[in-house]
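Thanks for coming. I will go through one structure today, going from the chains down to single residues. Please have the view open.

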2 protein chains.
Amino acid sequence: MVLYFIGIGLCDEKDITLRGLEVIESADKIYLESYTAILSPNANIEKVLGKKTIIEADRKFIEEGSDIMLDEATNQQVVLLVVGDPLCATTHSDLMLRAYEKNIQVEIIHNASIISAIGATGLQVYKFGETVSIPFFDGNWQPESFYDKIKLNMKQGLHTLCLLDIKVKEQSLDNMMRNLPIFESPKYMNINQAIKQLYIIEKKRNERVALPSTLAFGVARIGSKNQLILAGTLEQLSSVDFGEPLHSLVLCHPELHLIEKKFFEIANKRVIDQLKARSV
Amino acid sequence: MVLYFIGIGLCDEKDITLRGLEVIESADKIYLESYTAILSPNANIEKVLGKKTIIEADRKFIEEGSDIMLDEATNQQVVLLVVGDPLCATTHSDLMLRAYEKNIQVEIIHNASIISAIGATGLQVYKFGETVSIPFFDGNWQPESFYDKIKLNMKQGLHTLCLLDIKVKEQSLDNMMRNLPIFESPKYMNINQAIKQLYIIEKKRNERVALPSTLAFGVARIGSKNQLILAGTLEQLSSVDFGEPLHSLVLCHPELHLIEKKFFEIANKRVIDQLKARSV
């Protein structure tokens, strides 16, 4: 039988493709991956699934329980729904390899990903270097590897897409140790927080990667009706309210191409207007 | 009113999203961009459009006639269908800018793009540098800029996605000069031809970018039922028949990550088996 990785796009249940829907209709088991990304809080994926039930594949499931899913796929038609395009996260490549090793046939149904949708900023998608994830700083745990990668991208003339941390179904250390299935409320990093964390590292390292004058795009809820794409210096963006999650941040290589520059100016004008209106 | 850029994905009419379909249903005018990419030859986009007619937006239209479309969008709901994700091609960013300048509202409906779908190879999508296009060499016109970009990507530890040329609705010089609307049959560059052209430049430049030992993935008809993903050295891939278009080629940075390496080996085994079977 087949294990299908079905991309469900960026935003809500309407982003699924006709091909994806067709496969879902004949599936025996449907999992929804909720570890590496989420759909908009208003998404109602059940709406397009009819009477089928969805099994949530959270972090615990993906890390510890996914063998169950692979075993089912040896004799049933199993679907793993994944936000975005399925093979953009290493987690899923790894899962696919394990399926290969068990001789399970894998099929991928592609969909929109932030990796290409970021083109909506007007920045050229092939002018991006390695994508980074910015995790929530937590007391003494303040990793800096994303700073190094941004620095490397900039040196190479490339922009950097920063995906911002989400924490869904996290247990407190205490509850984890007592094995209590009690979860903290979900937490989504916003653009302002990401900039703050970049500044913390910049202050320590002083390597001119994330200065108040660094050019950036802030992108919220990309692909949805109320998406927000604003551009400015980190200083300008640090005080803008981008609203509901999910947020992403692009740190630009300072030399924008002509078309990129025009898009930047249009998206920057909105910020300037907002900051002006606020100071009146 | 609104100008919608609707991504229709990689392969055929089933790759459209429910959101895209909804917008199409209420559209006044529907254009299909056929200049920068094409769907599979078996795609039947009319199937999902009901009674609506599609106007082909070919190269001539995009380059010379797109003002008509922009003007219509000032008082009608106009849709431009684009293969892949709409904002991955500079052509469309430029069109979007011109719409902004005319105060036309633009909405984008994202979809799968080769930029993220290339993850199906098992290569990490954020380990790709600038995407290049390899155009058909034509007598004395043998541009080398893509060779330089691949070289730069390799130096930076990045893979390179090479999009291979398509020529649809091209006029011969003679017919163009006589303004005769007679078009050559469509031409799609295959992987073997791309490797040949890379070798031609390599021979001239001798900068060790495209050697017979260079690691690569050849990808045909990605996202379709009969997609083919094979990996090997350029020498191995140069003699494989990948079948129908569209083809793409990935030149790998020689140091693959552990997971990438495993995917390479799986996809390489298929090539070795094929070459063995042939030599028997």
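**Two chains, a few residues**

I start with a loop: in chain B, Leu246, that is B:Leu246, sits between α9 (234-237) and β12 (247-251). Please keep in mind that this is a predicted model. The peptide bond from B:Pro245 to B:Leu246 is cis, with omega about -10°. In chain A, the bond from A:Pro245 to A:Leu246 is cis as well, with omega near -10°. A:Leu246 is in the loop between α8 (234-237) and β12 of chain A.

How do the chains relate? A turn of 180° with a shift of 0.0 Å along the axis lays chain A on chain B, and the RMSD is 0.0 Å. That is the relation of a two-fold axis. As for the contact between them, 100% of the interface residues of chain A are interface residues in chain B too, so the copies meet through the same surface.

Next, the strand that follows the cis bond in chain A. A:His247 belongs to strand β12, residues 247-251. Is A:His247 buried or exposed? A:His247 is buried, because its relative accessible area is 5% and the cut-off for buried is under 20%. Beyond its sequence neighbours, A:His247 is in contact with residues including A:Leu164, A:Met189, A:Asn190 and A:Phe242. Its side chain reaches the backbone nitrogen of A:Ile191 at 3.1 Å.

A:Ser248 is in β12 too, and A:Ser248 counts as buried at 8% relative accessibility. Among the residues that A:Ser248 touches are A:Ile114, A:Leu161, A:Leu164, A:Ile191 and A:Phe217.

Now the annotation. An unreviewed UniProt entry lists A:Leu10, A:Asp85, A:Ser113, A:Ile114, A:Leu164 and A:His247 under "binding site". From this set, A:Leu10 is part of the lining of the second largest cavity.

Take A:Ser113 from that list. A:Ser113 is in the loop between β5 (105-109) and α4 (114-117) of chain A, and A:Ser113 is buried, with a relative accessible area of 3%. Away from its sequence neighbours, A:Ser113 is in contact with A:Leu10, A:Gly84, A:Asp85, A:Cys88 and, from chain B, B:Ser116.

On to empty space. How many cavities of 30 Å³ or more are there? The count is 5. The largest cavity holds about 190 Å³. Its lining has 15 residues, and those nearest its centre are A:Ile115, A:Val125, B:Ile115, B:Val125 and B:Phe128.

Another place where the chains touch is B:Lys262, in helix α10 (residues 258-279) of chain B. Outside its sequence neighbours, B:Lys262 is in contact with A:Leu97 and A:Glu101. B:Lys262 is partly exposed, at 37% relative accessible area. Its C-alpha atom is separated by 34 Å from that of B:Lys204, which is 58 residues apart along the chain.

Last, two backbone angles in chain B. B:Asn179 has phi near 55°, a positive value in a residue other than glycine. B:Asn179 is in the loop between α7 (173-177) and β9 (187-188), and at 62% relative accessibility B:Asn179 counts as exposed. Phi of B:Arg221 is near 55° too, again positive in a residue other than glycine. B:Arg221 is in the loop between β10 (215-220) and β11 (228-233). Unlike B:Asn179, which is exposed, B:Arg221 is buried, with a relative accessible area of 14%.

Notes. Residues are numbered from 1 along each chain as its sequence is written. Chains are lettered from A and ligands numbered from 1 in the order in which they are written. This is a predicted model: local features need pLDDT of at least 70, side-chain atom pairs count only at pLDDT 80 or more; totals for chains, interfaces and linings use all residues. Side-chain values use heavy atoms; hydrogens and water are left out. Copies are superposed by least squares on the C-alpha atoms of residues with pLDDT of at least 70 in both. Contact means heavy atoms within 4.5 Å. UniProt positions are given in the numbering used here, feature names are shortened, and annotations may be inferred rather than shown by experiment. On a 1 Å grid over the protein atoms alone, a cavity is a set of points where a 1.4 Å probe fits but cannot get out, and a pocket is an open set with protein on both sides within 12 Å along at least five of seven lines; lining residues have an atom within 4 Å of a point. Helices (H or I, at least four residues) and strands (E, at least two) are DSSP runs, numbered from the N terminus. Buried means under 20% relative accessible area, exposed over 50%, partly exposed in between (1.4 Å probe, protein chains only). A polar contact is a pair of N or O atoms within 3.5 Å; within protein, one must be able to donate a hydrogen and the other to accept it, and residues adjacent in sequence count only if both atoms are side-chain atoms. Grid points are joined across faces, edges and corners, and a volume is the space filled by probe spheres set on the points. Lists of a residue's contacts leave out its neighbours within four places in sequence.
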